[in-house]
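Please read the following note alongside the sequence and the model. The points are numbered so that each can be checked in turn.

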Amino acid sequence: MSEKKSAVHGPVLKCLVFIIDWEKTKTLSDVLARINVRFHYIAKGKGTASSEMLNVLGIGSSEKAVFFCLEQDIMATLLLKEASAALGFYRPRAGIAFAIPLTGINTPVLQIFKKSVMREVKHFSDKEQLFMTSELKYELIIAVVNQGYSDELMAAAREAGAGGGTVINVRGLMHEGPVKFFGISVQEEREAIMILTSKEKKIPIMRAIGRDFGVNSKAAGIVYAVPVDSVLGVKL
Amino acid sequence: MNKVLKEKIIEAFTSVLPITLIVLAASVILVPMPSGTILMFLTGALLLIVGMGFFTLGADMAMMPIGEGIGVQLTKKTNLVLAIFISFLIGLIITIAEPDLQVLADQVPSIPDLILIVTVGIGVGLFLALSVVRILFRIPLPLMLLVFYVIVFTVSVFTPDNFIPMAFDSGGVTTGPITVPFMLSMGLGFAAIRGDKSSREDSFGFVALCSVGPILAVLVLGAFYNPAGPDTGISALPGADTSRDVVLNFMTRLPVYLKEVCFALAAIIVFFLIFQLIFRRYQKHQLARIAVGFFYTLVGLVVFLTGVNVGFIPVGHAFGSQLAASSLKWILVPLGILIGYFIVAAEPAVHVLNKQVEDVSQGAIPQKVMNLGLSIGMAAALGITMVRILTGLHIMWFLIPGYAFSLILTFFVPRIFTGIAFDSGGVCSGPMTSTFLLPLAMGACEGAGGNLMTDAFGIVAMVAMTPLIVIQLIGLLYRHKLRAFELIEPEKKFAGDPGAITEYPFEYEGARIYE
């Protein structure tokens, strides 16, 4: 592993994901600006209700902001620490954060990080450890289903042991490309549900989703999992 | 406490509280009022808070998903005739159902109510269909607005003077708490499944175009019917001496609004059921949510309308008439500005719009900015109206330059802001305007001895016009901000092969299959 790593030119990047309350968007944006995170994107997501009753009454789910940031792995800890201080990830329900390791990046982007790496690493000692796990103990399950099935899907996932999930509305690009309707191109509506879970619960949850919402069902869902590390704000 | 519930309560509370405090303070300092009236007002304010909370929750759960669903399914069907026909039908149904329009019909003299309502409904239906056609054929919104407002002003030449303020009022009034969430989310639906560049800015502009329909409809009707005389529209104000009177006043009016809102929602529910039977868009959970959402909307609107109609009309009217008749009448202008600034938050549809704007812009245009813009717009509108009432200036002196300026702005402002601005014109002028501001203006007009038809009416028109300018100006600022941002991003220019890829190693343990 170590000699392979040395073959990589430039810093190693990670994709850091924050899922927080929508009202806290500004707080996190400020943190990112202060630490000078160059690439971050925000999507609006929807939290999922903790019970069916609350969901039907309309007071179960709240709006979430999903941040995707690109940062060097050595900076990730600092970033998570600052964000944790600002948002209080140690409190329950304050939000979650995790990092997805990357397996490739277009080189020109790396140059930007190369330039700044020396400057920023100085004020950060890598001995500092946070209350987060660095090994790959957690996984992120992502299920993409047709519009309207996220509620049912979450109910099934919860039964199989999922703690919670976040839904993002996405558009599906079909193999044949979009349908044209005069001046506009029409795409499929899909919902992407992200569920952070421990390794042990991954398979039961994925099975539950696959069984009822798989490719052959009306939901026409696909489900996959990616490894994540540096997890904050979860008790699983 | 439940987080969502808490948010809704706080939102409703902070929306209604400022205007309540202002009126209370003014009633102590400027216009002493009988305690019965004030008690009614306070009860009304309380009902407003409850109603607003339920309504916004209900709109989120029922009206928005349905509107969006219809937009999406119509786009998916890719059938032009169907899209036009359904849009027309929706426009007609929801307009006829809109409680605000009933209020307007009561106030417009000499035209039979039914003729007015159907004509306005057809007007809105046609323009809703036109909005869809506009998106499909990619006709720029500014061009459409320019053409139709030129037509509006041309027709207004042939309409009796008395009718003009009312015609412009009807444009703002018809887009009320039922129509707005529906149309806004329909626009969102049309944009939701599109991949082209203009999809975001096309989410807005439905309300904008649909506000033109009623103006044209009433102007045209006005050319045929001759208004006999003003119809004040304010029924005898119920007096209240004891706390029991207060409750009775509200209780007697409650069934009236219950019936109105039930009728309005029933029309939408029937339409929705047919839609669901054909497209089967919603799953079990969602249907339950929508049903509960409809219930919330019903409760919210009934409570809101009762509160505002019984509690606010007498106070507004008394305020206007007493101040205008006193030696302090010029204080109406700053007071109007103050009231305008804070009352906009109490319009239920405003929250729906602001949220939509924040969603579509993914937070780039925050609700705060929209609130500020709309508050400034509303303040300006009330300031202008009070000046008009006190001086008797013709409404065209404001309408023509106002619309001319906002139409010119459309060519310089980012498209999405044009849509939002012209939408917000219709959104701002909801039930708060017609039940508090209109009586205020009427009272002021009576007190100052002006012409009710030409001076007091027209307040809604002003409320619907000023946001066009203010929001677009914000858009202009926003554009400069974007430019400044682009300039300080020199890092974007990469050196070397742009296609180069760096790979990181990643080790798999090997795949297992779980049967």
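1. In strand E3 of chain A, A:Cys69 is the bridge partner of A:Leu16. This pairing belongs to a set of nine bridges that join E1(A) to E3(A), and the two strands run antiparallel. The model is a predicted one, and every value in this note should be read as computed from it.

2. Strand E3 of chain A covers residues 63-72. It also pairs with strand E2 (residues 39-47) of chain A, in the antiparallel sense and over eight bridges. Within E3(A), A:Ala65 stands opposite A:Lys44. Is E3(A) mostly covered or mostly open? Eight of its 10 residues are buried, so the strand is mostly covered.

3. Strand E1 (residues 13-21) of chain A has a further partner in strand E4 (residues 96-101) of chain A, with six bridges in the antiparallel sense. Here A:Phe18 stands opposite A:Ala97, a residue of E4(A). As background for reading such strands, the side chains of a regular strand alternate between the two faces of the sheet.

4. In what order do the strands of the barrel follow one another? The order is E1-E3-E2-E7-E10-E6-E11-E4 in chain A, and these eight strands form a closed barrel with antiparallel pairing. From one strand to the next, the twist averages 35°.

5. Strand E10 (188-198) of chain A deserves separate attention. Seven bridges join it to strand E7 (residues 166-172) of chain A, and the two run antiparallel; A:Glu189 in E10(A) is the bridge partner of A:Arg171. E10(A) also pairs with E6(A), over nine bridges and again in the antiparallel sense. In that pairing, A:Val144 has A:Ala192 of E10(A) as its bridge partner.

6. Why is E10(A) described as largely enclosed by the rest of the structure? The reason is that 10 of its 11 residues are buried. In addition, helix H7 (residues 199-213) of chain A lies across E10(A), together with strand E6 (138-146) and strand E11 (222-232) of chain A. The helix runs at about 155° to E10(A).

7. Some totals place these details in context. Chain A comes to seven helices and 11 strands. Of its 236 residues, 54% count as buried. Among contacts in chain A between residues at least 6 apart in sequence, 81% join residues at least 24 apart. The chain exposes about 11100 Å², of which carbon and sulfur atoms supply 56%.

8. A residue of chain B in contact with chain A is B:Gln283. It lies in the loop between helix H11 (243-279) and helix H12 (284-325) of chain B. Leaving aside its neighbours within four places in sequence, B:Gln283 is in contact with A:Gly148, A:Tyr149 and A:Glu152. Its relative accessibility is 15%, and because the cut-off for a buried residue is under 20%, B:Gln283 counts as buried.

9. The last point concerns the surface of chain B. Which residues make the nonpolar surface patch of about 470 Å²? They are B:Leu146, B:Val150, B:Ile408, B:Phe411 and B:Phe412. B:Phe412 is found in the loop between helix H16 (396-409) and helix H17 (415-428) of chain B. With a relative accessibility of 46%, B:Phe412 counts as partly exposed, because that value falls between the limits of 20% for buried and 50% for exposed.

Conventions: Residues numbered from 1 in each chain as written. Chains lettered and ligands numbered in written order. Predicted model: local features only at pLDDT ≥ 70, side-chain atom pairs only at ≥ 80, totals over all residues. Heavy atoms only, no water. Patch = residues over 30% accessible without salt bridge, like charges linked within 9 Å, V, L, I, M, F, W, Y side chains within 5 Å. Areas by Shrake-Rupley, 256 points an atom, 1.4 Å probe, with all protein chains shown as cover. Salt bridge = Lys/Arg side-chain N within 4 Å of Asp/Glu carboxyl O. Helix = DSSP H or I, 4+ residues; strand = E, 2+ residues; numbered from the N terminus. Buried < 20%, exposed > 50% of the residue type's maximum accessible area, 1.4 Å probe, protein only. Pairing = 2+ DSSP bridges. Axes fitted to C-alpha atoms, helices over the stretch in contact; angles between N-to-C directions. Contact = heavy atoms within 4.5 Å.
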